[in-house]
Amino acid sequence: MGRNEENRGFTCANCGCEVLPLTNGSYRNHCPFCLWSKHVDCKPGDHANTCDGMMEPIGFQRSKKKDQLVYRCRRCGMEKVNRIAENTMQPDNFDVLLDLVKQQNLM
Ligand SMILES: [Zn+2]
Ligand SMILES: [Zn+2]
């Protein structure tokens, strides 16, 4: 399957918002409004994972100058990181991002 076919929008299973595909050349792998994701990929965009659990954003980290969200799957417990969405239509909600950073600093 081509990259364009895989770079689709979706409806967020957590907040129900209509999410549009990224316009910065990457894959949209989480909701820009509530930042939740879904455990569907083994590699970014491949939808090869059958877990299908909801992935909760649990933290924020900066590695190699990239801002990343840390996720934990509610179903299988796997942790993974996703790059935040910026320089695109519907960038990640900064307020939600900030709350996450604050929460993390309190722990
Ligand atoms: Zn959402
Ligand atoms: Zn999972």
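Does Cys15 count as buried, partly exposed or exposed, and what is its relative accessibility? In this predicted model, Cys15 has a relative accessibility of 36% and therefore counts as partly exposed, since that class lies between the 20% limit for buried and the 50% limit for exposed.

Cys15 belongs to the first zinc site to be described here: the zinc ion (ligand 1) has Cys12, Cys15, Cys31 and Cys34 as its protein donors, each through its SG atom and lying 2.3 Å from the ion. The angles among these 4 donor atoms run from 107 to 115°, and the site is tetrahedral, while in sequence the donor residues follow the spacing C-x2-C-x15-C-x2-C. Cys15, in the loop between β1 and β2, and Cys31, in the loop between β2 and β3, are 16 residues apart, and the pair links distant parts of the chain. Cys31, at 0% relative accessibility, counts as buried.

The zinc ion (ligand 2) has His39 (ND1), Cys51 (SG), Cys73 (SG) and Cys76 (SG) as its protein donors, at 1.9 to 2.4 Å. This site is tetrahedral, with angles of 104 to 119° among its 4 donor atoms. Because His39 sits in the loop between β3 and β4 and Cys76 in the loop between β5 and β6, the pair ties together parts that are 37 residues apart in sequence. His39 is buried, with a relative accessible area of 1%, whereas Cys76 is partly exposed at 44%.

Turning to helix α2, its 13 residues (94–106) should span 18 Å at 1.5 Å a residue, and the end C-alpha atoms are indeed 18 Å apart, which agrees. Asn93 caps the N-terminal end of α2, with a side-chain oxygen 2.9 Å from the backbone nitrogen of Asp95.

Methods. Residues numbered from 1 in each chain as written. Chains lettered and ligands numbered in written order. Predicted model: local features only at pLDDT ≥ 70, side-chain atom pairs only at ≥ 80, totals over all residues. Heavy atoms only, no water. Helix = DSSP H or I, 4+ residues; strand = E, 2+ residues; numbered from the N terminus. Expected span 1.5 Å × (residues − 1). Polar contact = N/O pair within 3.5 Å; in protein donor to acceptor, adjacent residues only side chain to side chain. Donors = N, O, S within 2.8 Å, 3.2 Å for Na, K, Ca; no water. Tetrahedral: all angles 85-135°; square planar, octahedral: opposite > 155°, others 65-115°. Buried < 20%, exposed > 50% of the residue type's maximum accessible area, 1.4 Å probe, protein only.
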